[in-house]
Amino acid sequence: MADILIYALHHEGTFNKNSLGAITEGARLAAETGGQAHAVVVGQEIPDALAATLGDYGAAKVFKAEGPEGLAQPVVDVMAQVMEENGVQYALFGGGLVGFEAGAGLAARLRAGVTMEVTGVIVEDGKLIAQRPILGDSAISQSRYRDKGIIVGRLNAFEAKTSGGSAEVVAVEAEPSPQAARAVIVSRGEQRGADVDIEGAGTLVAGGRGLGNADGFGLLEELARAFGGNTAVAATRAVVDAGWYPYAGQIGQTGKTVAPKLYLAAGISGAIQHKVGMQSSENIVAINKDANAPIFEFSDLGVVGDLNKIVPKLTEAIAAKRGA
Amino acid sequence: MKICVLVKEVPDAAVTKRIDPSTGRMDRSGEKNLNPYDTHAIEAAMQLKEGGELQIDEIVAVTMGPESAVRALHKAVSLGADRSIHLTDPVLAGSDVAATGYALASALGQEEPDLVLLGQQSDDGECYTIGAVVAEHLGMPSLTQVVKMDVTGEAVRCERQAEYGYDTVEVRLPAVISVGDAINEPRYPSLKAIMGAKKKPLQTLAAVDAGIDTSMVGADGSQVRCGEFRAPPQKAAGQIIEDDDTNATVGKIVAWLDERKLI
Ligand SMILES: Cc1cc2nc3c(=O)[nH]c(=O)nc-3n(C[C@H](O)[C@H](O)[C@H](O)COP(=O)(O)OP(=O)(O)OC[C@H]3O[C@@H](n4cnc5c(N)ncnc54)[C@H](O)[C@@H]3O)c2cc1C
Ligand SMILES: Nc1ncnc2c1ncn2[C@@H]1O[C@H](COP(=O)(O)O)[C@@H](O)[C@H]1O
């Protein structure tokens, strides 16, 4: 029998979809060991009624603590205390940045084993075993824990399902650790740049650092226009952080998850954190000058070449085809 | 003030990474390089030093790894670090993420840094988390994936992208900060710096020198065992076009899209 504690990330009145997926997964796993799944929320004045909704995803109890949102160390303080006081053996996080940080900090605090980017968890002899793709997803390794285990899921690895349950909300107070008290969140969730909509698009033309500079997105805007209809331009974190394209158009770990009919990448390497946001696309086409780029591992059509030569001609050809 | 920068030696990106079936660990033979993400951390340290808001007396590069890892330190020094520390000991082999972070924190603790900088991820391990482990052991606040740092008195105002957009966090020093690769454009080392790198002080530490409890490191001290490697579910390989003649290439792309009714 093993209990599992799952972190639920909260923002402006809703819980993160990946956290909800982790609760569903945690409830399934705990039941298999004969234990229970509980959730943890840390935030400012989160209503009990909202916290209780986590029961619908499978949480038996919701441990609710007051604390700043968007920072990992306050979460570590609360989760470490709840796990120790209640003899909880495992912690589970959905994909997300705060989850990575909190999971790692918790492993250090509790002297537990930790595994990142987990895509599957199984139960064997009442213990959890985590499966993680490694080396650019070329192999999967299994993690077994000596005692306590911290499992951080990959983005979109666990699907949220409602079961109609309701949870008991338990208020907890944890003394902030000195380190937690020395970081202050000044602002959270700032949107930078224009409000582009990539989630509704049927075709996405995505650009990365290979575009060379912000002007490179001009090429993609033209290509998108040639496709016409429901087409939008998207981007990687590298270029959003560089200020070449708005944050609202970013795909991946800390951006949007999309699944268009066609995803066409130009100058994108295909890092895991990008891949997790677009791998469910129906058709994946990639243009990259490096034949070894990871994106070719999961493309349906890979074009090895210079996007500066290919994209303008492709735009012309598609426009001509559609005009015909 | 003192900045410690964590650096790691990783297999060259051009070399295919693989697991050595006999040991179940990553095959670390072959070409090695300084983890490219760590060059951004060194550059960030240099810019803080040159920026002058903080009086930085020293930048110290720190690594944990086998003998060959000194090359990563030489590279770090050629990029601007003043000296380096090499934590190396057979007892450390096979350490998991938590044990590695603990060992690094032990070595760092002795240096009493005001700021620890590290890269957003190691090219081989890809855990994005050493920073959070190190910070917990050092009792310091921490933040990862930071793409902008501004010094405001005793604190550093950091910006990074998290789940809902950009967050701004003020972190009081001493702190542990991992930097994203968009934070700067690392400089190239000068020939003189490359030549001089081997002359800068390099301290080699064994586990006991760093005050490490050896029951907490190495394969035996690690809390997680990784293994039982297997291949992921096979996806049918995609079609590849080499662009020799762009008109022909574009013709093939359009035909492919047209066949699937994507235009
Ligand atoms: C915790 C965390 C969260 C992250 N979140 C995200 C996220 O949400 N979204 C995301 O995208 N990334 C995210 N990342 C970053 C991710 O790891 C990669 O760094 C990023 O996706 C790389 O972007 P890129 O492909 O544009 O750049 P690069 O990796 O630099 O790739 C550029 C590519 O362009 C090719 N190229 C260059 N010139 C040309 C040319 N002329 N013609 C054709 N090809 C060319 C190159 O061969 C190269 O493959 C995250 C990382 C971490 C650690
Ligand atoms: N063995 C090591 N020695 C020194 N620094 C390391 C080591 N492993 C990881 N790091 C640092 O931690 C960062 C993140 O690595 P990782 O958590 O493995 O993705 C790297 O960019 C390095 O700066």
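Trainee: How do the residues of the shell around ligand 2 divide into nonpolar, polar and charged?

Mentor: Sort each residue of the shell by class and then count; here, in what is a predicted model, the shell around ligand 2 holds nine nonpolar residues, six polar ones and three that are charged.

Trainee: Which of the 18 residues around ligand 2 come nearest?

Mentor: A residue belongs to such a shell when one of its heavy atoms lies within 4 Å of the ligand. Of the 18 residues around ligand 2, those that come nearest are Val7(B), Asp38(B), Met64(B), Ser122(B) and Tyr128(B).

Trainee: Which polar atoms lie 2.5 Å from an oxygen atom of ligand 2, and what part does the backbone of Tyr128(B) take?

Mentor: For a polar contact, look for a pair of N or O atoms within 3.5 Å. Asp38(B) places a polar side-chain atom 2.5 Å from an oxygen atom of ligand 2, whereas Tyr128(B) brings a polar backbone atom to 2.9 Å from an oxygen of this ligand. Thr129(B) also takes part through its backbone, with an N or O atom 3.0 Å from a ligand 2 oxygen. As for cover, ligand 2 taken alone exposes 480 Å², and the protein buries 97% of that. Two elements of chain B, β6 (58-64) and β8 (115-119), give two or more residues to this shell, and the largest share, three residues, comes from β6(B).

Trainee: Where does ligand 1 lie with respect to chains A and B?

Mentor: Ligand 1 lies between chains A and B, and of the 31 residues around this ligand Thr236(A), Ile251(A), Ser269(A), Gln273(A) and Asn288(A) come nearest. By class, the shell around ligand 1 is made of 18 polar, seven nonpolar and six charged residues. Three helices of chain A, namely α6 (237-241), α7 (272-275) and α8 (307-323), each supply at least two residues of that shell.

Trainee: Which side-chain atoms lie 2.7 Å or 2.6 Å from an oxygen atom of ligand 1?

Mentor: A polar side-chain atom of Ser269(A) is the partner at 2.7 Å, and an N or O atom in the side chain of Gln273(A) is the partner at 2.6 Å. Gln253(A) contributes a backbone N or O atom, 3.0 Å from an oxygen of ligand 1. Taken alone, ligand 1 exposes 990 Å², of which the protein buries 90%.

Trainee: How many residues does the contact take from each chain, and what area is buried between them?

Mentor: Count the residues on each side, and then consider the area; the contact takes 83 residues from chain A and 82 from chain B, and about 7400 Å² is buried between the chains, with carbon and sulfur atoms giving 54% of it. On the chain B side, Tyr164(B), Tyr166(B) and Gln223(B) lose the most area to chain A, together 12% of what that side buries.

Trainee: Where is the place of Asp57(B), and which residues does Asp57(B) touch?

Mentor: Asp57(B) sits in the loop between α1 (36-51) and β6 of chain B. Leaving aside residues up to four places away in sequence, Asp57(B) touches Met1(B) and Asp82(B). A polar atom of the Asp57(B) side chain lies 2.6 Å from the backbone nitrogen of Met1(B), and a polar contact of 3.2 Å joins the side chains of Asp57(B) and Gln55(B). Asp57(B) and Ile3(B) are 54 residues apart along the chain, and their C-alpha atoms are separated by 8.4 Å.

Terms used. Residues are numbered from 1 along each chain as its sequence is written. Chains are lettered from A and ligands numbered from 1 in the order in which they are written. This is a predicted model: local features need pLDDT of at least 70, side-chain atom pairs count only at pLDDT 80 or more; totals for chains, interfaces and linings use all residues. Side-chain values use heavy atoms; hydrogens and water are left out. A polar contact is a pair of N or O atoms within 3.5 Å; within protein, one must be able to donate a hydrogen and the other to accept it, and residues adjacent in sequence count only if both atoms are side-chain atoms. Accessible areas come from the Shrake-Rupley method with a 1.4 Å probe; for residues, only the protein chains shown count as cover. Helices (H or I, at least four residues) and strands (E, at least two) are DSSP runs, numbered from the N terminus. Ala, Val, Leu, Ile, Met, Phe, Trp, Tyr, Cys and Pro count as nonpolar, Asp, Glu, Lys and Arg as charged, and the others, Gly among them, as polar. Contact means heavy atoms within 4.5 Å. Buried area is the accessible area (1.4 Å probe) that two parts lose on being put together, summed over both.
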